[in-house]
Amino acid sequence: RGLVDHEGLVENFIRVLAVDRDQALYAGTFDGGVFRSGDGGQTWRPISRALPNDSIRGMIASDKGLFVATGRGIFKSMNQGRQWMPLNKGLTELSVQVLIPSGDGALYAGTSAGIFRSDNDGESWERASEGLEGTAKVPFQ
């Protein structure tokens with residue numbers, strides 16, 4: 001119950017799930033934003049009204065906050081979605097397709113402009129895909 005977007009449509013395209021240290025569940029949807037459940041998924045409430053984009057592509061729940069990757073950048077909430085702050089300094093492409101943490105505490109964001117790494121909880125990003133560029137090969141002559 002409660003997985004309903006701002007237009008009243010039931011959300012059935014969940015892209016990403018995350019669990020925080022209090023065992024709350026977060027669901028990032030294709031175009032309905034982020035939802036939170038504090039009861040193991042029995043009920044959900046929307047928490048992304050303040051985000052500029054409802055297309056959620058990646059999500060990390062940690063003791064440092066809830067991070068989401070959207071079609072318009074990366075955002076962080078420290079209060080379960082009541083407020084969101086942008087974390088886009090250094091990103092040359094804001095349409096982020098994936099967001100993951102590493103074992104050493106860094107964050108990685110994948111975009112059409114390459115891979116970006118943050119060593120300061122998303123405050124700034126540096127390009128990390130040097131050496132991955134290749135030349136396009138035509139499969140047929």
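Which residue of β7 stands opposite Phe67? In this predicted model, Lys76 is the residue of β7 that stands opposite Phe67. The pair belongs to an open sheet of four strands, ordered β5-β6-β7-β8, in which the pairing is antiparallel. At the edges of this sheet are β5, covering residues 56–62, and β8, covering residues 85–86, and each of these pairs on one side only.

The pairings can be followed across the sheet from β5. Six bridges join β5 to β6, a strand of residues 65–70, and the two run in the antiparallel sense. Within this pairing, Ile60 has Phe67 of β6 as its bridge partner. On the other side of the pairing series, β6 is joined to β7 by five bridges, again in the antiparallel sense. Phe67 thus appears in two descriptions, as the bridge partner of Ile60 and as the residue opposite Lys76. The connection between β6 and β7 is a hairpin, with two residues between the strands. Strand β7 also pairs with β8, antiparallel to it, through two bridges. In that pairing, Pro86 of β8 is the residue opposite Phe75.

Strand β7 spans residues 73–77 and is mostly covered, five of its five residues being buried. In a regular strand, side chains alternate between the two faces of the sheet. In β7, one side carries Gly73, Phe75 and Ser77, while Ile74 and Lys76 are on the other, and both faces are covered. Lys76, the residue opposite Phe67, is therefore among the buried residues of this strand, as the cut-off for burial is under 20% relative accessible area.

The loop that follows, between β7 and β8, contains Gln80. Phi of Gln80 is near 55 degrees, which is a positive value in a residue other than glycine. Gln80 counts as partly exposed because its relative accessibility of 29% falls between the limits of 20% for buried and 50% for exposed.

A second open sheet is also made of four strands, in the order β1-β2-β3-β4, with antiparallel pairing. Its edge strands are β1 and β4, the latter formed by residues 45–46, and each pairs on one side only. Strand β3, residues 34–37, pairs with β4 over two bridges in the antiparallel sense. Here Phe35 has Pro46 of β4 opposite it.

Two residues in the region of β1 and β2 were examined individually. Gln23 is placed in the loop between β1, residues 14–19, and β2. Its phi is near 70 degrees, a positive value in a residue other than glycine. With a relative accessible area of 56%, Gln23 is exposed, because the value is over 50%. Thr29 lies in β2, which runs over residues 25–29. Thr29 is buried, because its relative accessible area of 0% is under 20%. A polar atom of the Thr29 side chain lies 2.8 Å from the backbone nitrogen of Gly32.

The largest pocket contains about 240 Å³ of space. Two elements, β5 and β6, give two or more residues to its lining. The lining comprises 13 residues, and those nearest the centre of the pocket are Asp20, Arg21, Ser62, Gly65 and Met78. Sorted by class, the lining has four nonpolar, five polar and four charged residues.

Tyr108 is found in strand β10, residues 107–111. Tyr108 is partly exposed, because its relative accessible area of 23% lies between 20% and 50%. When residues up to four places away in sequence are not counted, Tyr108 touches Val98, Leu99, Ile100, Ser102, Ile115, Phe116, Arg117 and Trp125. One of these, Val98, is ten residues from Tyr108 along the chain, and the C-alpha atoms of the two are separated by 8.1 Å. With Arg117, the contact of Tyr108 is a polar one between side chains, at 2.2 Å.

How values were computed. Residues are numbered from 1 along each chain as its sequence is written. This is a predicted model: local features need pLDDT of at least 70, side-chain atom pairs count only at pLDDT 80 or more; totals for chains, interfaces and linings use all residues. Side-chain values use heavy atoms; hydrogens and water are left out. Two strands pair if DSSP finds at least two bridges between them. On a 1 Å grid over the protein atoms alone, a cavity is a set of points where a 1.4 Å probe fits but cannot get out, and a pocket is an open set with protein on both sides within 12 Å along at least five of seven lines; lining residues have an atom within 4 Å of a point. Grid points are joined across faces, edges and corners, and a volume is the space filled by probe spheres set on the points. Ala, Val, Leu, Ile, Met, Phe, Trp, Tyr, Cys and Pro count as nonpolar, Asp, Glu, Lys and Arg as charged, and the others, Gly among them, as polar. Buried means under 20% relative accessible area, exposed over 50%, partly exposed in between (1.4 Å probe, protein chains only). Contact means heavy atoms within 4.5 Å. A polar contact is a pair of N or O atoms within 3.5 Å; within protein, one must be able to donate a hydrogen and the other to accept it, and residues adjacent in sequence count only if both atoms are side-chain atoms.
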